[in-house]
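Me: I am new to this structure. Please take me through one helix closely, and show how it relates to the rest of the chain.

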Amino acid sequence: MTTHDTLTETYDAWKRATDEHQDMMASVMSGGLLDVRAMMQKTQQIDALHATWMKIAQQLVCTRTEVRA
């Protein structure tokens, strides 16, 4: 069953992944090596987590286009 805890857990996982991606980019900008495979895997993870969060949010949260009874 989908709950607000699931929504929060998914958000937290997305946030961690975006923070890790930001750290990877900062490393490259500071002269570190670019690991293309790791960077692509991280962006795919972020995209998947975002899609999951959106699916859960649509089940639990009112949107601008609908009103829950």
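Reply: What follows is a close look at helix α1 (residues 4-29).

Some ground rules come first. This is a predicted model, with residues numbered from 1 along each chain as its sequence is written. Local features need pLDDT of at least 70, side-chain atom pairs count only at pLDDT 80 or more, totals for chains, interfaces and linings use all residues, and side-chain values use heavy atoms, with hydrogens and water left out.

The setting is simple. The protein has two helices and zero strands. Helices here are DSSP runs of H or I with at least four residues, strands are runs of E with at least two, and both are numbered from the N terminus. The partner of α1 is helix α2 (residues 36-60).

Start with the length of α1. The expected span of a helix is 1.5 Å times one less than its number of residues. For the 26 residues of α1 that gives 38 Å. The end C-alpha atoms of α1 are 37 Å apart, which agrees.

Now the buried side. Buried means under 20% relative accessible area, exposed means over 50%, and partly exposed lies in between (1.4 Å probe, protein chains only). In α1, the buried residues are Leu7, Thr10, Ala13, Ala17, Thr18 and His21. They pack against α2. Across the 69 residues of the protein, 17% count as buried.

Take Thr10 as an example. Thr10 sits in helix α1. Thr10 counts as buried because its relative accessibility is 9%. Leaving aside residues up to four places away in sequence, Thr10 touches Leu49, Thr52, Trp53 and Ile56. A contact means heavy atoms within 4.5 Å. Such links reach far along the chain in general: of the contacts in the protein with a separation of 6 or more, 67% are between residues 24 or more positions apart.

Next come the rings. A search of the whole structure finds one aromatic pair. Tyr11 and Trp14 form this pair, which is tilted, at 5.7 Å centre to centre and 35° between the planes. Rings of Phe, Tyr and Trp (its six-membered ring) pair if their centres lie within 6.5 Å; planes under 30 degrees apart count as stacked, over 60 as edge-to-face and the rest as tilted. Tyr11 and Trp14 are three residues apart in α1, so about one helical turn separates them. Tyr11 is partly exposed, at 39% relative accessibility. Trp14 is also partly exposed, at 27%.

Charges come last. Side chains of opposite charge can pair when their charged atoms come close. A salt bridge is a side-chain nitrogen of Lys or Arg within 4 Å of a carboxyl oxygen of Asp or Glu. The whole structure has two salt bridges.

One joins Lys15 and Asp19, at 3.0 Å from N to O. These residues are four apart in α1, so they are separated by about one helical turn. Lys15 is partly exposed at 35% relative accessibility, and Asp19 is partly exposed at 31%.

The other joins Lys42 and Glu20, at 2.4 Å from N to O. This pair links distant parts of the chain: Lys42 is in helix α2, Glu20 is in helix α1, and they are 22 residues apart. Lys42 counts as buried, because its relative accessibility is 13%. Glu20 is partly exposed, at 37%.

In short, the buried residues of α1 pack against α2, and the side chains of Glu20 and Lys42 meet in a salt bridge.
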